[in-house]
Amino acid sequence: MIRCFHVAKRYGAITALRDINFQIDQGEFVFLTGQSGAGKTTLLRLLYRAELPTSGQLVVTGRNLATMPRRQVPRFRRRLGLVFQDFKLIEDRVVFDNVALAGLAVGFSFNESQRRASELLRLVGVDGRAQLFPGQVSGGEQQRVAIARALMTAPQLLLADEPTGNLDPKRANEIMRIFHAINRTGTTVLVATHDADLIGAMGRRTMILEAGRLDTLAVPSQVS
Amino acid sequence: MMRTDRYLRLCFGEALRGLVGRRRAAASAVMIIALSLVVLGGFLLVSDNLNGLLHRWRERGHVQVFLEPGFTVSQQQAAADAIRESPEIDSFRFLSADQAAAQFREDFQQLGDLLAFLEENPLPASFVITVRENFRNEGALLSLAEGWEAMPGVDAAQYDLEVIRRLELGVNGLRFVGAVLGGAVLIAAIITTANVIRVLVVARRREIIVLRLVGATESVVRGRFLAEGAIQGFLGGLFALVVLYAICRIGVSFVTVGGSPLLSLVELQFFNVFLFAQLIGLGVAAGLIGALLAFGAADSLEQ
């Protein structure tokens, strides 16, 4: 699903990532952890082709991102589901429209977008909040809405960047349970987080980034 | 590839949503587009009507052959015979000096008394000749006029083309001024539209980022802003047409009340379909160009 060969990313004199090598197979659930500034977000941005690596090769869902033309990025992103710490919801649209818009934007019909949005909101347990604006629901519910939106295109790979960073432990665990359920359907999940407790509780393969270098492919007990 | 109907529905739906949400800014863009099109369209309207007037004037094909004061009956008869025998002539009539004075009094009712104050009638007798349609061109009319002018007892032969030519110059000048003025205001309208949409792009930056992240193509991301520009331009064009129509109606009533001697030639008309489409098209084009200019703001956002 993801193959990363000697990837480096530099911003001028600053090296954000250096010689990153890893592989994530289809259907895996993997954590990416490290201190703030270790390069987790940068690595994720490379994976969803928001940026290009300075060197190395990155193959995601069978596409070499280093050579992929920009016009093909939208189609590539429909294979991914993206979830962020700040939810990235549109504040002046109700929860339902936030999800349905993603369907309309990728070419689903109005009816299909509505149907999918309705099903997904039910799936993540916020269907009762569908007609409220994001500001009127809790952080945990906003993240569920963001997950529902990420699932609109039935992605092969779900990338989450600190998805529980703004949530209390109880809500964080709920979000993780949703990711777990999604993963059980065969979707590959990569979650970037610095929450060691969460990683320990889930017991999944964990990659640790330190100062831009992927030092360890750890098992949960090694994460501290 | 997204289906066209879905694409248009999405773009125009989102555009209308955006316009309603920012109706004040949108209204200012619509107004300035309308203003520019009123200026441009106003000049087009005037020049179009003047062109119509000139066309009808030219189509009359009148030549007036004035006789010298004191012409003899035989000279008048000879001139009449020569005119009658010309194959270029459709019809002609003799207008005596008294008849010319009576027509003057009829045409200029307010100035009718002027003739009474003069010692003698200054209006000469003449032949009013209507030339056949095939010969209503400058070359033929000039040749006819020169021929008749050479006849004994004839003072001068006048035809309308000289006046028409001068008027045409005036109309072309008017069009040029209209194009320059209207063009300048149209550029201002494009800049205003661009600014309105740029503000909208910045206000919608999160939405743009989200759309790109979920896999929307650039045509979808930008389509709504293009649609917004097009709608603003269309509304501006429509508003300009309403204003121009009102001006045109007022113009017609003014001419009618004035009782001008040219009234028989003047048929003030509103835009034809081509001009109507041109004006709306210009409005839409201005809106679209404004939207395209505004994309600089969107390009700097996260891809």
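**Exercise 1. The interface of chain A and chain B**

Task: State how much area chain A and chain B bury between them, and work out which residues and elements of chain A supply the contact.

Solution. Chain A and chain B bury about 2,100 Å² between them, and 51% of that area lies on carbon and sulfur atoms. Within the part that chain A buries against chain B, Arg77(A), Arg93(A) and Ala105(A) supply 23%, which is more than any other three residues. The model is a predicted one, and the totals for interfaces use all residues.

The next step is to count the participants: 26 residues of chain A and 23 residues of chain B take part in the contact. Turning to polar terms, the rule finds four salt bridges across the interface of chain A and chain B, and across that interface there are also eight residue pairs in polar contact, both residues being at pLDDT 80 or more. The elements that give two or more residues to the side of chain A that touches chain B are α2 (73–77), β6 (80–84) and α3 (95–105) of chain A. Of that side, the largest share, four residues, comes from α3(A). Sorted by class, the side of chain A that touches chain B holds 14 nonpolar, two polar and 10 charged residues.

**Exercise 2. Salt bridges around Asp86(A)**

Task: Identify the salt-bridge partners listed here for Asp86(A), and decide whether Asp86(A) and Lys88(A) are buried or partly exposed.

Solution. Begin with the partner from the other chain: the side chains of Arg206(B) and Asp86(A) meet in a salt bridge at 3.8 Å, N to O. Within chain A, Lys88(A) also forms a salt bridge with Asp86(A), and here the closest N and O atoms are 3.4 Å apart. Next, compare each accessibility with the cut-off, under which buried means under 20% relative accessible area. Lys88(A) has a relative accessible area of 15% and is therefore buried, whereas Asp86(A), with a relative accessible area of 34%, is partly exposed.

A further set of charged residues is joined into a network of salt bridges, made up of Asp92(A), Arg93(A), Glu14(B), Arg204(B), Glu207(B), Arg224(B) and Glu228(B).

**Exercise 3. Salt bridges that tie parts of chain A together**

Task: Explain which parts of chain A are tied together by the pair Lys9(A) and Glu51(A), and by the pair Glu141(A) and Arg129(A).

Solution. The structure holds 22 salt bridges over all chains. In one of them Lys9(A) is joined to Glu51(A), with the closest N and O atoms 3.6 Å apart. Because Lys9(A) lies in strand β1 of chain A and Glu51(A) in the loop between α1 (40–47) and β4 of chain A, the pair ties together parts that are 42 residues apart in sequence. Both Lys9(A) and Glu51(A) are buried.

In the second pair, Glu141(A) forms a salt bridge with Arg129(A), the closest N and O atoms being 3.0 Å apart. Glu141(A) belongs to helix α5 (residues 139–150) of chain A and Arg129(A) to the loop between α4 (110–123) and α5 of chain A, so this pair ties together parts that are 12 residues apart in sequence. As for accessibility, Glu141(A) counts as buried at 17%, while Arg129(A), at 34%, is partly exposed.

**Exercise 4. Strands of chain A**

Task: Describe how β6(A) is covered and paired, then give the strand order of the open sheet in chain A.

Solution. Five of the five residues of β6(A) are buried, so this strand is largely enclosed by the rest of the structure. The side chains of a regular strand alternate between the two faces of the sheet. On one side of β6(A) the buried residues are Leu80(A), Leu82(A) and Phe84(A), and on the other they are Gly81(A) and Val83(A), so that both faces are covered. Five bridges pair β6(A) with strand β7 (residues 157–161) of chain A in the parallel sense, and Leu82(A) stands opposite Leu159(A) in β7(A).

The open sheet has four strands in the order β2-β1-β4-β5 (chain A), with antiparallel pairing. Its edge strands, β2 (14–24) and β5 (63–64) of chain A, each pair on one side only. Strand β1 (residues 2–11) and strand β4 (residues 55–60) of chain A pair over five bridges in the antiparallel sense, and Ile2(A) has Val60(A) as its bridge partner in β4(A).

Terms used:
Residues numbered from 1 in each chain as written. Chains lettered and ligands numbered in written order. Predicted model: local features only at pLDDT ≥ 70, side-chain atom pairs only at ≥ 80, totals over all residues. Heavy atoms only, no water. Contact = heavy atoms within 4.5 Å. Buried area = accessible area lost by both parts, 1.4 Å probe. Polar contact = N/O pair within 3.5 Å; in protein donor to acceptor, adjacent residues only side chain to side chain. Nonpolar A, V, L, I, M, F, W, Y, C, P; charged D, E, K, R; others polar. Buried < 20%, exposed > 50% of the residue type's maximum accessible area, 1.4 Å probe, protein only. Pairing = 2+ DSSP bridges.
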